[in-house]
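The following exercises are to be worked through with the sequence and the structure at hand. Each task is followed by a solution in steps.

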Amino acid sequence: MPRPIQATIHLDALRHNLQRCRAAAGDARVWAVVKANAYGHGIERAYPALRGADGFALLDLAEAERLRALGWRGPILLLEGCFEPRDLELCSRLNLWHVVHCDEQIDWLSQHKTHQPHRVFLKMNSGMNRLGFRPAAFRAAWTRLHALPQVAEVSLMTHFSDADGLRRGREGVLHQVEAFVAATADLPGERSLCNSAATLRHALALRLGSGGAQALAADWVRAGIALYGSAPDHPNHDAAHWDLQPTMTLASRLIAIQHVPAGETVGYGSTYTAARDMRIGIVACGYADGYPRHASLGQDHGAPVLVRGVRTRLVGRVSMDMLAVDLTPVEAHGGPCNLGDEVVLWGRSAHGPSLPVDEVAAAADTIAYELLCALAPRVPVAVEAMP
């Protein structure tokens, strides 16, 4: 039989989370961000649940081609724009919208021969200091683009660095909203500011639409990690707070059970010492499957895991193909464990409870994005159809 590990993609949850983002976005249209192969879920697998979006946003031309091959005829936005002049040819052929964030990209457009003018999103560096024109240079960039016959329409966008919380005692988006509003006050064009965190945290402002809130509301929001069931401002709020559902389950089974006497150690490096006689379960999952090696490095800080739907934790180091879990709370709840018992590393258990991927990520000192995107190719993936 195959090794007993599998990821399951829950299309009903993806559709629910998209609807949740749309409800928070007010009148704004919603980009479904599917970069990094739909955050590890697979573009082709996620597409049936996300095609209710107003557009798709991604990075790679190859991913854009895959969406067109699936039959999507609506907007596709390249979030980092073109990487070299010849990319514009494919943008013309596939009718892709693309971000412009530097002078070189404007130069390429000015030399591009096309019968169909392009829709571009001019990006402002309003404080993230990653991509985009600084506010003082933004208007000149807009003027250059607006004058090009190769450009049909110029939209305006920025990206928030601190939408998930406070920055220097204020809401983290405020300094960038203020910079964006000041620099674009009289410029025409649709706007896009909000990522997942800003969309959910500022939902009321999006609906009210006045002052800075009106700038937040804009015309488009970019729903990313929230689509995939992770709270964008964890640990301040969890997924349940935002009414988000887990979209990926990583599950395996017990392949061995060991009795470990008090004082003996578990795993490489002997990082865990049994304080009492205990039974541990060995699970067919390791870092070669994409599970984070750092999810359990110390004596008392093992990541949470569900065995038969009961919460327990990792003990000892995660190895390439296996990890160990404490069976004590599981057996106290429902009797002795057996080979083949279900183990959920994150997501939904067949026994009812769910384990948020955010909690596993926090235990590994990382974020859910990394865990979802790191799912290894050797892990088989099933798709749970929508009802």
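**Exercise 1.** Determine whether arginine 308 is buried or exposed in this predicted model, and identify its salt-bridge partner.

*Solution.* Step 1: The relative accessible area of arginine 308 is 17%. A residue counts as buried under 20%, so arginine 308 is buried.
Step 2: Arginine 308 forms a salt bridge with aspartate 341, with 3.2 Å between the closest N and O atoms.
Step 3: Arginine 308 sits in the loop between strand S16 (304–307) and strand S17 (310–315), and aspartate 341 in the loop between helix H12 (328–334) and S19; the pair thus links distant parts of the chain, 33 residues apart.
Step 4: Aspartate 341 has a relative accessibility of 13% and also counts as buried.

**Exercise 2.** Establish which side chain of opposite charge is nearest to glutamate 342, and describe the surroundings of this residue.

*Solution.* Step 1: Glutamate 342 belongs to strand S19, which covers residues 342–348.
Step 2: The nearest side chain of opposite charge is that of arginine 253, at 6.1 Å. A salt bridge requires the relevant atoms to be within 4 Å, and glutamate 342, although buried, has none.
Step 3: A polar contact of 2.6 Å does connect the side chains of glutamate 342 and serine 349.
Step 4: Beyond four places in sequence, the residues that glutamate 342 touches include Ser252, Arg253, Leu306, Arg308 and His351.

**Exercise 3.** Compare the accessibility of the residues in two further salt bridges: aspartate 107 with arginine 144, and arginine 119 with glutamate 190.

*Solution.* Step 1: In the pair of aspartate 107 and arginine 144, the closest N and O atoms are 2.8 Å apart. Aspartate 107 lies in helix H6 (residues 103–111) and arginine 144 in helix H7 (residues 135–147), so the bridge ties together parts 37 residues apart in sequence.
Step 2: Aspartate 107 is partly exposed at 31%, and arginine 144 is partly exposed at 34%.
Step 3: For arginine 119 and glutamate 190, the closest N and O atoms are 2.7 Å apart. Arginine 119 is in strand S6 and glutamate 190 in the loop between helix H8 (174–184) and strand S10 (191–192), 71 residues apart.
Step 4: Arginine 119 is buried at 12%, and glutamate 190 is buried at 18%.
Step 5: The search of the whole structure finds 22 salt bridges. Arg3, Asp289, Asp321 and Arg378 are linked in a network of them.

**Exercise 4.** State which side chain is joined to that of histidine 118 by a polar contact of 2.8 Å.

*Solution.* Step 1: Histidine 118 is found in strand S6 (residues 118–124) and is buried, at 3% relative accessibility.
Step 2: The polar contact joins the side chain of histidine 118 to that of histidine 98.
Step 3: Among the other residues touched by histidine 118 are Leu88, Cys91, Gln150 and Glu153.

**Exercise 5.** Identify the residues that touch the most other members of the largest nonpolar core, and judge how compact the protein is.

*Solution.* Step 1: The largest nonpolar core has 118 residues, of which Leu145, Leu250, Tyr291 and Trp346 touch the most other members.
Step 2: A second, separate core of nine residues includes Val260 and Met278.
Step 3: The protein contains 14 helices and 21 strands. Its radius of gyration is 24 Å, close to the 21 Å given by the globule rule for 387 residues, so the protein is as compact as a globular protein of that length.
Step 4: Buried residues make up 52% of the 387 residues.

How values were computed:
Residues are numbered from 1 along each chain as its sequence is written. This is a predicted model: local features need pLDDT of at least 70, side-chain atom pairs count only at pLDDT 80 or more; totals for chains, interfaces and linings use all residues. Side-chain values use heavy atoms; hydrogens and water are left out. A nonpolar core is a set of buried Ala, Val, Leu, Ile, Met, Phe, Trp, Tyr and Cys residues joined through side-chain atoms within 4.5 Å. Buried means under 20% relative accessible area, exposed over 50%, partly exposed in between (1.4 Å probe, protein chains only). Helices (H or I, at least four residues) and strands (E, at least two) are DSSP runs, numbered from the N terminus. Lys and Arg count as positive and Asp and Glu as negative; His and the chain ends are not counted. A polar contact is a pair of N or O atoms within 3.5 Å; within protein, one must be able to donate a hydrogen and the other to accept it, and residues adjacent in sequence count only if both atoms are side-chain atoms. Contact means heavy atoms within 4.5 Å. The radius of gyration is taken over C-alpha atoms; the globule rule is 2.2 Å times the number of residues to the power 0.38.
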